[in-house]
Each structure stands twice: as structure tokens, then as C-alpha cells.
Amino acid sequence: MEEDYMRIQDFTDMDKFHEIMKNWARATGLATVAVDMDGNYISDCFNFTDFCVKYTRESAEGKRRCEKCDREGTGVYHCHAGLIDFGIDLVVEGQKVGSVIGGQVLPEHPDEEKFRKVARELGINEDKYIEALKKVNVRTEEAINASAMLLGQVLNNFINAEYSKKINGSIIGSLTDGVNAANHLVEEIKKKTGELRSIQS
């Protein structure tokens, strides 16, 4: 199927895009990845936890539930496994071009029995699941919300600036071509005028 939407990679310096995400992930300790409109990853995965990647998503049912959260989750929300995640739209000139998703943190020290129940539902070894859970970062919901909003604002500002730069560059290129063509025409007119004058005299 042919894409009928803008691709971030077509107008954005992806090295700088990655740098922003990497620095944000280091500063906050939260996981993040950027996805396009089809849900394909367009950035590296930063700070992804074993709890999510090695255990939850390795289970067929866990993977199904995670993908549903990735598709449907917006703003800051509790994922199916009990962690806090976020999904922030990336928008250029009013058109959604992708999302930045992430989180994978706990809002408070976990209720172990609740997570053992999830492990049983997903067919995951309970003790290993709890061991992985203990390595997940804990943040206040307020801090998670502020961090997610900050990343969304910074990335949206960046990709919009990149888009404007590309569009303006194209306009300047077109104007330059136009000026050059006009100059060429003026030279041709001068030449033809000269030729006419010489015929008339």
C-alpha cells in the first residue's frame, strides 16, 4: 500500500532526532521509542526494560496486549501489565506524522501479588517476573507526566523547525532558479534587441 502521509525521515536530521531522545532517556531514566504512522520503529529503543522486552513481550498474550497499548495509548496511561506508559503525537502543520511512546516505569512501589497474577495470566515464571520488576524505575506520576510532555514538546518543535527549513530551502531554491531563468531571458532579450537594431540600421 502506498503511503499518503509525510515521513519524518524525509525532512528531519535523524541523527539530531536520536540525540534528543537519547539525552532525554538518560536524564529521565524512562524508556522511549519513536514510531511512524504504521507503528514501525523509526528510532532506537532507549532504556527498554527486561520486564517489558524479555518477559512481557516474549509471551504471545503479553505481546498482543503490549501492541494494543502501543496503538491505542495516548497521553500518560497505565499499561496492561501495571507500568506507566505514554504516547505523544508528533504533528507537523496539523498533520500527525508519528508518535513517541515509552515510559516503562512504576508510579509507586509495586504490589507484588498483582504482578504475580499478571505473570500467571501470561504464562511467565512468577519469580523471574518479580525479579525483573524490582529493576524497573519508580517515578511519581507527576514526574512521568512532565517528562513525557517535555519530550513531546521538544520533538514537535524540532521536527517542525526541520520541516520549515526544508520547505524554505525548496522555496529559496525555486526562487534562485527563477531569478537565474529571468536573468537568462533578459540577456536573450538584450541580444535579440541588439540583433534587431543591427538589422534596422
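Let's start with contacts. Take the contacts in this chain with a separation of 6 or more: residues 24 or more positions apart account for 60% of them. Keep in mind that this is a predicted model.

Now the overall layout. The chain has seven helices and four strands. Reading from the N terminus, the order is α-α-β-α-α-β-β-β-α-α-α. The chain has 201 residues, and 38% of them are buried. What about the surface? About 12,000 Å² is exposed, and carbon and sulfur atoms supply 51% of that area.

Let's zoom in on one element, helix 5. This helix covers residues 112–122. Which of its residues are buried? They are Phe 115, Arg 116, Val 118, Ala 119 and Leu 122. Where do these buried residues sit around the helix? Look down the axis of helix 5: they fall within an arc of 160 degrees, so they line one face.

Next, the partners. What do the buried residues of helix 5 pack against? There are three helices to point out: helix 3, residues 50–56; helix 4, residues 60–72; and helix 6, residues 126–133.

Now the two ends of helix 5. At the N-terminal end, Asp 111 acts as the cap. One of the side-chain oxygens of Asp 111 lies 3.2 Å from the backbone nitrogen of Glu 113. What follows the helix? Gly 123 does, and its phi is positive, near 70 degrees.

To recap helix 5: Asp 111 caps the N-terminal end, the buried residues line one face, and Gly 123 comes after the helix.

Conventions:
Residues numbered from 1 in each chain as written. Predicted model: local features only at pLDDT ≥ 70, side-chain atom pairs only at ≥ 80, totals over all residues. Heavy atoms only, no water. Buried < 20%, exposed > 50% of the residue type's maximum accessible area, 1.4 Å probe, protein only. Helix = DSSP H or I, 4+ residues; strand = E, 2+ residues; numbered from the N terminus. Arc of directions from axis to C-beta. Contact = heavy atoms within 4.5 Å. Polar contact = N/O pair within 3.5 Å; in protein donor to acceptor, adjacent residues only side chain to side chain. Areas by Shrake-Rupley, 256 points an atom, 1.4 Å probe, with all protein chains shown as cover.
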